[in-house]
Every structure is written in structure tokens, then in C-alpha cells.
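Here are some short exercises to work through with the structure open beside you. Try each task before you read its solution.

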Amino acid sequence: MKIVTVCGMGIGTSVLLKMNAEKALRALGVDADVEAADIGTARGAARTAQLVLTSEDLADEIGDVPAKVVVIQNFTNMDEITKKITDALQ
């Protein structure tokens, strides 16, 4: 499974979200490759991903991709990240 975390520049909050998503995936026992990306890179990376995690303001900019796009309100809230990943995987 491939997951892409997205922020505007791909070097700050997307990396934070990547680390927290990996932590949530480990707790859930899910094996996945998680990649942090900027919005431009994410459009291409999302074509081969199963899940995209991003903020509300960037979700629409991802465009029409086969991956599920999940909006995370708080990139540091492990409960929210874990719940939304769990819901998206069902």
C-alpha cells in the first residue's frame, strides 16, 4: 500500500503528517509506504497511491485521482489520524 501525505511545500507539515501516519499504521498493524510530497508532486504520486492525507485547503487541488483523499484537520492529533486511516481502509 502506498500513502502520500501532502502540504504546500512538501518539507514541513507533510513530513510531520508522514511520521504520525507511520506511527498510526504501525499501531494498526498495517504495512504501507508513506511518502511526503508537495502539492505539485502529489498530483502525480496520488495516481499510484491508495490513500492521500492532506489538509482541507489542499484536498481539492489534488484533482481527480484514483486514491482516496482524506482531510486531516490536525496533523498532530494521533486519534484523528488513526481514526481517519482506519475508516479509509475499510
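**Exercise 1.** Work out whether the end-to-end distance of α4 agrees or disagrees with the span expected of the helix, then find which of its residues are buried.

*Solution.* Keep in mind that this is a predicted model.
- Step 1: α4 has 12 residues, which at 1.5 Å a residue should span 16 Å. Its end C-alpha atoms are 16 Å apart, so the two values agree.
- Step 2: The buried residues here are E80, I81, I85 and A88.
- Step 3: Around the axis, these residues cover an arc of only 125°, and therefore sit on the same side of α4.
- Step 4: Turn to the other side of α4, and you will find D79 and K83 exposed.
- Step 5: As for partners, the buried residues of α4 pack against α1, β3 and β4.

**Exercise 2.** Repeat the analysis for helix α1, residues 13–28. Which residues are buried, and what covers them?

*Solution.*
- Step 1: With 16 residues at 1.5 Å each, α1 should span 22 Å, and its end C-alpha atoms are indeed 22 Å apart.
- Step 2: S14, L17, N20, A21, A24 and L25 make up the buried set.
- Step 3: Looking down the axis of α1, you see these buried residues within an arc of 145°, so they line one face of the helix.
- Step 4: R26 and A27, on the other side of α1, are exposed.
- Step 5: The cover over the buried residues includes three strands, β1 (2–7), β2 (33–38) and β3 (51–54), along with helix α4 (78–89).
- Step 6: Follow the chain just past α1 and you meet G29, which takes a positive phi of about 75°.

**Exercise 3.** Take two buried residues of α1, S14 and N20, and find which residues each one touches beyond its neighbours within four places in sequence.

*Solution.*
- Step 1: S14 has a relative accessible area of 0%, so it counts as buried. Its contacts, leaving those neighbours aside, are T5, V6, C7, A36 and A37.
- Step 2: N20 has a relative accessible area of 9%, and because the cut-off for buried is under 20%, N20 is buried too.
- Step 3: On the same terms, N20 is in contact with F75, T76, M78 and I81.

**Exercise 4.** Describe how α1 and α4 pack: at what angle, and with their axes how far apart?

*Solution.*
- Step 1: The two helices pack at an angle of about 65°, and their axes are 9 Å apart.
- Step 2: The crossing of α1 and α4 is right-handed.
- Step 3: From α1, the contact draws on L17, N20, A21, K23, A24, L25 and L28, while α4 contributes M78, I81, T82, I85 and T86.
- Step 4: Sort the residues of this contact by type, and you get eight nonpolar, three polar and one charged.

**Exercise 5.** Locate D64 in the chain. Is D64 buried or exposed?

*Solution.*
- Step 1: D64 belongs to the loop between α3 (56–59) and β4 (68–71).
- Step 2: Its relative accessibility is 73%; since exposed means over 50%, D64 counts as exposed.
- Step 3: For a distance check, take R47, which is 17 residues from D64 in sequence; in space the two are 9.0 Å apart, C-alpha to C-alpha.

Conventions
Residues numbered from 1 in each chain as written. Predicted model: local features only at pLDDT ≥ 70, side-chain atom pairs only at ≥ 80, totals over all residues. Heavy atoms only, no water. Helix = DSSP H or I, 4+ residues; strand = E, 2+ residues; numbered from the N terminus. Expected span 1.5 Å × (residues − 1). Buried < 20%, exposed > 50% of the residue type's maximum accessible area, 1.4 Å probe, protein only. Arc of directions from axis to C-beta. Contact = heavy atoms within 4.5 Å. Axes fitted to C-alpha atoms, helices over the stretch in contact; angles between N-to-C directions. Left-handed = near helix turned anticlockwise from the far one by under 90°. Nonpolar A, V, L, I, M, F, W, Y, C, P; charged D, E, K, R; others polar.
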